[in-house]
Amino acid sequence: MRHYDAIVIGAGSMGMAAGYYLARQGVKTLLLDASDPPHQWGSHHGDTRIIRYAYGEGRQYVPLALRAKELWTDLAEETGKRLFVQTGVLSAGPADAPFLREVQESAAQYSLPLEVLDAGNVGQRWPGIRLPAEFLGCFEPTAGVLYSEECIRAYRNRALAAGAELRTGERVTGIQAKSDSVSVQTQTDTYSGSALLISAGAWSAGLLASLGLSLPLTPTRKTVSWFAADEQLYSSDRFPAFLFTLADSMFYGFPILDGAGVKIGRHDGGQPADPDQLDRTFGLYPSDEAHTRSFLERYMPQAAGPLRQGKVCLYTYTPDEHFIIDRHPEYPHIVIAAGFSGHGFKFASAVGEAASQLITRGTSEIDLSLFRVTRF
């Protein structure tokens, strides 16, 4: 049985980043993935993700977001790849929305650049947006868009160059934990490790249950759509990525990048799903297109053109929609990175670094107290 200093189960967003930061320190690292990342079976496909720093989900996220920004910049410089586009990000909704208040307060606390605009000013600046008079917009000019699949390719290449071993097409079928090591079985082989990171997305709950840890993780079917739109209004050089918090829903989206159309998804809702039985047919439910089209028709009518494409992906929710980044309460050499609830990718670089530190040091440089497993 081959032995490694660290084994990573799930070489997607957080796992691939962690694999790089481990290997870079000389840790003998094995990355295992049931597919061949980047791929469409996890939560990282669909080309792009928003990165923002004034954080409506809670100001505790801001240091993690700022560290992630530094690490994405480092990765782009190391690889020479274009990983980020500074489109700015506009968060909009009713002026009294708690999410927007938190955006403003987190920006103030951390001295982040943020412009607060009334509905009229938003419409003047971006004629493609039509806001009700009682809405306001919070524009973060330094935020923007990450090319998610390119980010994973970049971390994959750097991890392999640093000496990590990546085995793809190997689904984990069992884990045995001992007091100071682990044994991991796949469909084709068995490996031992001194430490383990479980970062398997929607499959994490099952793996953790085999280790006696039952966590409230809910894999959920989600969709994203691309619509034909007016290039003069919505191209990435003149229109921001956006997030709308409404009375009963939340939507996010992207300007036109590489001619693909305006991309939009609904952040809340979705159907609970078994990741192994998930029907990835876009249009299976009328809401797959109807919800996003209805949003565009109301707030961005010139972007509500013909549907160009739609894709199905997965969120894995926790009850409070905060992450789990922690060590197993009984096996401290097993680290968990799970439950990213649809807003985790932007942090993947910093989560990967923090997870590598939990493995090598037992603690992380950045505060992870919000993400403790014991809160459940």
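These legends accompany close-up views of salt bridges in a predicted model.

**View 1. Glu115 and Arg125 form a salt bridge between a strand and a helix.** Here the two side chains meet with an N to O distance of 2.5 Å. Glu115 belongs to strand E6 (residues 115-118) and Arg125 to helix H4 (residues 119-125), so the contact ties together parts that lie ten residues apart in sequence. Both ends have some access to the outside: Glu115 is partly exposed at 28% relative accessible area, and Arg125 is partly exposed at 38%.

**View 2. Arg221 and Asp288 pair up in a salt bridge.** The closest N and O atoms are 3.0 Å apart. This pair links distant parts of the chain, with Arg221 in strand E13 (residues 218-227) and Asp288 in helix H8 (residues 287-299), 67 residues apart. If you are wondering about burial, Arg221 is buried, with a relative accessible area of 3%, and Asp288 is likewise buried at 3%.

**View 3. Arg375 and Asp320 meet in a salt bridge.** Their side chains come to 2.8 Å, N to O. Arg375 sits in the segment after helix H9 (348-361), while Asp320 is in the loop between strand E18 (307-317) and strand E19 (324-327), so the bridge ties together parts 55 residues apart in sequence. Arg375 is partly exposed at 29% relative accessibility, and Asp320 is partly exposed at 32%.

**View 4. Arg59, Glu102 and Glu105 are joined in a network.** Salt bridges link these three residues. For context, a search of the whole structure finds 19 salt bridges.

Technical notes
Residues are numbered from 1 along each chain as its sequence is written. This is a predicted model: local features need pLDDT of at least 70, side-chain atom pairs count only at pLDDT 80 or more; totals for chains, interfaces and linings use all residues. Side-chain values use heavy atoms; hydrogens and water are left out. A salt bridge is a side-chain nitrogen of Lys or Arg within 4 Å of a carboxyl oxygen of Asp or Glu. Helices (H or I, at least four residues) and strands (E, at least two) are DSSP runs, numbered from the N terminus. Buried means under 20% relative accessible area, exposed over 50%, partly exposed in between (1.4 Å probe, protein chains only).
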